[in-house]
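Student: I have a protein model open in front of me and would like to learn how to read it. Could we go through it together, one question at a time?

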Amino acid sequence: MDTQTTQPLDSSVCDLLPGENLDCSTAELKKAILSHIVRTKAHDPETATTHDYWTATCLAVRDRILERAAVTRKEHRRLNVRRVYYLSLEYLMGRLLENNLVNTGLMVAAKEALAELGQDYDKIVEAGPDMGLGNGGLGRLAACFLDSMATLDYPAVGYGINYEYGLFRQEFRDGKQIEHPDEWRRFGNPWSICRPEYAVEVQLYGRVESQFDELGQGRMVWEDTQSIQGVPWDIPVAGYGGSTVNFLRLWEAKASKDFDFDVFNEGGYVEAVREKVESETVSKVLYPNDATATGKELRLVQQYFFVTCSMRDIIRRHRKSNDTWDSFPEKSAIQLNDTHPAIAVAELMRILVDEEMLSWGQAWEITRATFAYTNHTLLPEALEKWSVPLFEKVLPRHLQIIFEINKRFLEQEVEAQWPGDDAKKQALSLIEEGEPKQIRMAHLALIGSHATNGVAALHTELLKKHLFHDFNILYPGKIQNKTNGITPRRWLLACNPELAGLIDRTVGDDWPRHLDKLQELENSIDDSDWRDEFMAIKHRNKERLATMISERCGITVDPSALFDVQIKRLHEYKRQHLNLLHILTLYRRLIRNPDLDVPPRVFVFGAKAAPGYQIAKEIIHAINAVGNVINNDKRIGDKLKIAFIPNYGVSVAETIIPAADLSEQISTAGKEASGTGNMKLALNGAVTIGTLDGANVEILEEVGDENIFIFGLTVEEVEGLWNNGYSSMDYYWGDEELRDVIDWLSSDFFSGDRNAFSNLRHSLLEGGDPFLVLADYASYIEAQDRVGKAFLDRESWAKSAILNTARVGKFSSDRTIREYAEEIWNLPAVKV
């Protein structure tokens with residue numbers, strides 16, 4: 001790939017930089033922290049709190065990052081670079097302080113400076129909240145990608161929403177999930193910089209009228225709209241080494257008119273601020289509950305709000321350096337992360353046709369050349385659709401544009417490929433017939449982009465075979481694969497520093513940029529001292545997790561036990577309830593034979609269920625109820641423990657992942673697009689038990705059959721089972737052990753209420769078991785039996801753990817981003 005190399009700058013800002021990689025002495029950083037304690041926090045060192053020191057340390061580090069960001073921006077402007085713009089409704093950033101210290105090379109200086117100031121580094125890092133900007137894998141992937149884009153020197157801007165509240169803060173009460181507001185911004189965010197000069201006015205609702213000039217030329221005008229303001233907040237994103245600093249721009253909704261003074265004076269105190277309150281609701285909460293009509297409308301408004309703000313910002317930046325629209329796709333690559341920002345296709349068309357007066361053909365050519373779309377799901381119900389009446393209410397002009405896109409697409413492209421085939425037109429249409437009609441946002445994103453990608457090899461093949469089969473025929477080569485990846489800077493270097501140190505001493509310290517170098521660890525696998533050190537590090541990580549479990553769950557666990565980990569969003573297809581059935585099976589066997597030769601196990605869960613997803617919340621309750629009984633059953637001693645750590649998020653994951661022995665990746669084959677938790681756990685020396693689903697297939701290819709535990713139906717077998725008529729009741733009656741544990745769970749033994757888990761039982765039996773839990777049960781139990789035996793052979797297990805770390809270099813997000821840059825974005829790196 002081409003790389004643009006810049007000449008040294010003569011800008012005065014360069015004189016402020018400590019060095020290319022932001023090196024800074026302990027004394028300089030200490031002075032900067034103290035300066036912020038006094039000048040920003042208005043304290044002296046003796047009265048400042050831990051939170052004050054956290055803020056001051058963040059700001060001291062941010063100052064140095066921003067100096068480098070100024071250089072980056074100036075060079076990008078001077079070169080008039082091509083940029084990628086990444087549009088995502090989620091960014092699961094976690095805590096930024098430690099990650100930024102790692103990437104800027106300031107970690108040692110920060111630890112020494114804080115120690116000299118009498119502060120505990122670990123407590124300072126933990127004082128900061130996880131940023132409430134995301135929920136699950138989609139948002140964490142976006143965060144990893146931002147890290148890689150900066151590390152690889154790609155000019156990039158991320159766009160999203162500056163949510164006031166995260167998804168929710170999770171608590172367990174009597175084993176049940178309770179949701180509380182996640183007020184992560186209550187005391188401010190030291191990494192954010194407000195940019196009011198780039199605020200955008202957003203139009204909503206209204207009506208569309210035709211207007212004609214004196215020559216009879218007509219145009220559509222969107223008028224009588226309501227407006228809100230989008231105010232941007234920037235978070236700098238420093239690449240590893242600190243050379244390039246990109247930024248994440250997050251939009252916050254503000255009222256166009258904050259306060260009606262006349263109404264206030266007349267005594268209408270609530271009415272005086274009603275517009276402000278209603279407008280600012282748009283960026284209030286990540287994923288408002290869409291179970292109601294009001295919630296659905298808010299979600300649509302939220303998506304359009306962040307899209308139009310981002311598009312206006314991209315266009316503003318383009319116009320500063322470019323005179324023509326023809327150059328827009330040459331300078332701007334826009335990646336749609338799932339269907340949430342798909343309305344951007346219609347919005348760019350509206351701007352080009354209605355405001356810039358381009359012809360439809362020219363506008364469509366520009367639009368298609370600019371956008372690319374990443375699909376993240378094979379679940380048809382997860383593909384976004386909006387009702388036509390709702391769209392007509394909120395975005396009437398966009399509805400007209402979507403209808404026109406659809407008309408031309410069906411008449412010109414589909415008709416040419418399948419003449420006279422109305423069924424094909426109905427299948428490919430942007431509009432799904434029904435009452436009411438629905439707009440298929442995935443179809444809009446695919447049709448309006450020049451490239452569409454899946455996120456694992458299996459996922460992409462299934463997209464071509466099923467979900468987008470006809471589109472793949474219509475646009476051969478358009479659908480391609482980009483297997484997901486993770487940043488090794490956060491998910492090994494930062495979260496597992498002892499293992500990172502061992503790797504440094506073994507293969508050199510440049511592996512965080514070149515993760516394939518981990519393959520060289522295989523040369524040490526027969527060195528018993530080296531293996532012992534690897535496993536001793538794992539044990540110390542397990543001790544740290546045991547401390548967290550004790551503090552947060554009130555449970556004492558043995559670090560020498562097998563730590564069996566399932567951490568991911570709670571969804572039926574991820575099958576936490578299959579894991580639970582295994583726990584019950586093992587528990588039942590141990591009650592019958594307390595001397596059973598199995599290793600002690602600690603089952604660790606971390607997951608949030610969507611507030612309106614009742615069966616998912618019931619699964620959480622079931623796991624906690626079973627855990628409460630098992631953890632206090634003296635008959636089995638310490639052979640089994642269950643710890644469901646509340647309020648799972650990035651920071652919790654950073655403690656769990658380095659401690660895991662076994663990684664549960666047990667989704668129904670064909671349901672998980674990729675998964676990235678599987679990659680993080682394997683990178684840190686956990687052995688996977690999983691189905692041939694998502695990226696598990698590629699992990700198997702990398703680590704080898706003997707270093708992974710594969711079970712269950714394949715995608716082809718799943719399809720065959722459904723086609724031949726699956727009956728979960730046949731499995732229930734045909735397997736006595738399975739029947740006994742299901743009946744046991746649905747009795748009153750664990751909860752005192754025989755109806756507590758009735759919905760779960762119904763889903764598995766009378767409800768048809770939609771995710772084939774019962775069909776995979778026997779295979780899963782057999783695989784878990786193999787796990788138990790393998791763990792008892794500590795030398796063999798250690799070798800498998802090491803080989804997992806050594807062989808997953810492919811799954812660096814750097815590799816993924818290079819593939820996007822070379823094969824979709826045509827984006828050169830710019831070394832500053």
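Tutor: Gladly! One term comes up right away: a residue is called buried under 20% relative accessible area, exposed over 50%, and partly exposed in between. Keep in mind, too, that this is a predicted model.

Student: Thanks! Then how does R73 count by its relative accessibility?

Tutor: First find R73 on the chain: R73 is found in helix α2. Its relative accessibility is 31%. Since buried means under 20% and exposed means over 50%, R73 counts as partly exposed.

Student: Which helix gives the most to the positive patch?

Tutor: Begin with the members of this surface patch, which are R73, K74, R77 and K320. Now look at the helix spanning residues 50-79, which supplies three residues to the patch. The helix that gives the most is α2.

Student: And which residues form the negative surface patch?

Tutor: Let us start from one of its members, D120, in the loop between α4 (107-116) and α5 (121-126). D120 has a relative accessible area of 39%, so D120 is partly exposed. The full negative patch is formed by D120, D122, E126 and E551.

Student: Is L336 buried or exposed?

Tutor: L336 is found in strand β12, residues 332-337. The relative accessible area of L336 is 0%, and buried means under 20%. The answer is that L336 is buried.

Student: How many Å apart in space are L336 and L87?

Tutor: In sequence, these two leucines are 249 residues apart. The distance in space is taken from C-alpha to C-alpha, and for L336 and L87 this gives 5.3 Å.

Student: Let's turn to charged pairs. How many salt bridges does a search of the whole structure find?

Tutor: To count as a salt bridge, a side-chain nitrogen of Lys or Arg must be within 4 Å of a carboxyl oxygen of Asp or Glu. With that cut-off, the search of the whole structure finds 61.

Student: D224 forms a salt bridge with R207. How many residues apart in sequence are the parts that this pair ties together?

Tutor: The closest N and O atoms of D224 and R207 are 2.6 Å apart. D224 lies in the loop between β9 (218-223) and β10 (226-238), while R207 lies in strand β8 (residues 207-212), so the parts tied together are 17 residues apart in sequence.

Student: Which side chain does R489 meet in a salt bridge?

Tutor: The closest N and O atoms of this pair are 2.7 Å apart, and the partner of R489 is D814. R489 lies in helix α20 (residues 488-494) and D814 in helix α34 (residues 813-825), so the bridge ties together parts that are 325 residues apart in sequence. As for accessibility, R489 is buried, and so is its partner, D814.

Student: Helix α34 also holds E819 and R815. By about how much of the helix are E819 and R815 separated?

Tutor: The side chains of E819 and R815 meet in a salt bridge, with 3.3 Å from N to O. At 22% relative accessibility E819 counts as partly exposed, whereas R815, at 17%, counts as buried. Being four residues apart in the helix, E819 and R815 are separated by about one helical turn.

Student: Now the strands. Which residue takes a positive phi in the hairpin of β4 and β5?

Tutor: Strands β4 (residues 169-173) and β5 (residues 176-180) run antiparallel and are joined by five bridges. Within this pairing, F172 stands opposite Q177 in β5. The hairpin has two residues between the strands, and the residue with a positive phi, near 55°, is D174.

Student: Which strands stand at the edges of the open sheet of six strands?

Tutor: The order of this sheet is β21-β20-β19-β22-β23-β24, with parallel pairing. An edge strand has a single partner strand, so one side of it is left without a neighbour in the sheet. That describes β21 (640-644) and β24 (709-710).

Student: Last one: what is the bridge partner of I431 in β16?

Tutor: Three strands form an open sheet in the order β14-β16-β15, with antiparallel pairing. Two bridges join β15 to strand β16, residues 438-440. In β16, the bridge partner of I431 is I439.

Key. Residues numbered from 1 in each chain as written. Predicted model: local features only at pLDDT ≥ 70, side-chain atom pairs only at ≥ 80, totals over all residues. Heavy atoms only, no water. Pairing = 2+ DSSP bridges. Patch = residues over 30% accessible without salt bridge, like charges linked within 9 Å, V, L, I, M, F, W, Y side chains within 5 Å. Areas by Shrake-Rupley, 256 points an atom, 1.4 Å probe, with all protein chains shown as cover. Lys, Arg positive; Asp, Glu negative; His and termini not counted. Charge placed at Lys NZ, Arg CZ, Asp CG, Glu CD. Buried < 20%, exposed > 50% of the residue type's maximum accessible area, 1.4 Å probe, protein only.
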